[in-house]
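Me: I'd like to go through this one with you and check the labels against their cut-offs. Here it is.

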Amino acid sequence: MRINKFLAESGVASRRGADKLIEEGVVKINGKVCDLGTEVNLGDNVTVHGKPVNTVKKYDYYIMNKPKGYVCTVKDDKGRKTVMDLLPPKTERLFPVGRLDYDTEGLLLFTNDGDLAFKLTHPKNEVTKTYLVKTEKPITEDELNKLRAGVYIDGVKTKKCKIRLIETTKNYSKVHITISEGKNRQVRKMFESVKHSVDFLKRIKIGDLTLTGLDRGAVRKLTPVEVDYLLNL
Ligand code: URA
């Protein structure tokens with residue numbers, strides 16, 4: 001088995017996170033620093049930062065209603081609060097699945113199942129994510145249609161997406177937008193491309209999984225039915 005898959009299945013990091021650790025040179029097999037292509041064989045001794053890695057086959061899955069003001073990394077070099085601070089104690093091996101910006105709130109998953117994390121975040125799988133957006137001024141149907149058809153952000157056209165107008169007043173609009181990609185700050189940049197800035201952004205769904213009943217800042221384990229749903233997406 002390739003070393004990155006081994007680390008992901010062992011709950012050390014996501015597949016991409018594992019690649020980073022390998023590139024940093026902190027992963028050793030039988031005492032030798034490995035590279036991205038190295039295979040792990042039965043009986044090999046794998047260490048990360050000098051600590052042995054044991055294969056865990058039992059995975060954990062948590063859902064959080066992330067508040068704004070938290071970064072989505074395991075550690076922040078600027079010393080800001082991270083989403084890891086909101087997890088219950090003894091869950092230090094979990095990692096967040098994908099990212100929400102510092103100022104974005106809402107549905108965030110945590111797991112030590114690297115394969116599921118990879119599946120949910122890889123664009124080719126087109127897992128949908130739905131956001132509630134509040135704009136700083138009312139948005140027109142014409143602007144919404146532009147967003148639905150795809151707009152250029154960082155020189156690349158976004159895929160078609162679904163948008164439902166929830167409310168419009170003379171001061172703002174609220175919409176639900178469902179996208180199947182996950183470019184950096186995608187929703188904010190999409191709205192910026194039609195000259196709107198986003199006043200409030202919250203992820204309310206991943207696929208059909210919702211935040212129902214989870215207060216801001218709260219975390220709970222996914223139910224077996226929810227886990228099964230994600231594994232079969
Ligand atoms: N799009 C954004 O702009 N920010 C997020 O956090 C998620 C999606």
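Me: Why is E126 called partly exposed?

Reply: Because its relative accessibility is 43%, and partly exposed is the band between buried (under 20% relative accessible area) and exposed (over 50%), computed with a 1.4 Å probe and protein chains only as cover. So 43% puts E126 in that middle band. Bear in mind that this is a predicted model, where local features need pLDDT of at least 70 and side-chain atom pairs count only at pLDDT 80 or more, while totals for chains, interfaces and linings use all residues. Residues are numbered from 1 along each chain as its sequence is written, and side-chain values use heavy atoms, leaving out hydrogens and water.

Me: What else is there to say about E126, and where does it sit?

Reply: E126 is in the loop between α3 (114-121) and β8 (129-135); helices here are DSSP runs of H or I with at least four residues, strands are E runs of at least two, and both are numbered from the N terminus. E126 also has a positive phi of about 50°, though it isn't a glycine.

Me: What makes D154 exposed?

Reply: Its relative accessibility is 64%, and the bar for exposed is passed, so the label follows. D154 sits in the loop between β9 (152-153) and β10 (156-157). D154 has a positive phi of about 50° as well, again without being a glycine.

Me: How do you know which label D76 gets, buried or exposed?

Reply: D76 has a relative accessible area of 16%, so it goes down as buried. Its place is in the loop between β5 (61-66) and β6 (95-96). Setting aside residues up to four places away in sequence, D76 touches V71 and T82, where a contact means heavy atoms within 4.5 Å.

Me: And what makes K205 partly exposed?

Reply: A relative accessible area of 28% does, because that value falls in the middle band. K205 belongs to strand β13 (residues 198-206). Beyond its sequence neighbours up to four places away, K205 touches L107, T128, K129, T130 and T210. K90 is 115 residues from K205 along the chain, and their C-alpha atoms are separated by 27 Å.

Me: Why is I3 called buried?

Reply: Its relative accessible area is 0%, so it meets the buried cut-off. I3 lies in helix α1 (residues 3-9). Outside its neighbours within four places in sequence, I3 has contacts that include I22, V27, I29 and C34, along with V40 and V46. K32 is 29 residues away in sequence and 13 Å away in space, C-alpha to C-alpha.

Me: What about I22: which label, and on what value?

Reply: Buried, because its relative accessible area is 3%. I22 is in helix α2. Apart from neighbours within four places, I22 is in contact with I3, N4, L7, V27, C34, D35 and L36. The C-alpha atoms of I22 and V74, 52 residues apart along the chain, are 17 Å from each other.

Me: Where is R15, and what does it contact?

Reply: R15 is in helix α2 (residues 15-23). Leaving out neighbours within four places in sequence, it is in contact with N4, K5, A8, G114, D115 and F118. K119 is 104 residues from R15 along the chain, with 9.9 Å between the C-alpha atoms.

Me: Zooming out, how many helices and strands are there?

Reply: The chain has six helices and 15 strands.

Me: What makes the chain as compact as a globular protein of that length?

Reply: Its radius of gyration is 20 Å, close to the 17 Å that the globule rule gives for 233 residues, so that's how it earns the description. The radius is taken over C-alpha atoms, and the rule is 2.2 Å times the number of residues to the power 0.38. Along the principal axes, the C-alpha atoms fill a box of roughly 65 × 40 × 40 Å. Buried residues make up 46% of the 233.

Me: How is the chain divided into domains?

Reply: Into domain 1 (3-52), domain 2 (61-122 + 212-231) and domain 3 (128-206), with bounds that come from an automatic or database domain assignment. The centres of domain 1 and domain 3, taken over C-alpha atoms, are 39 Å apart.
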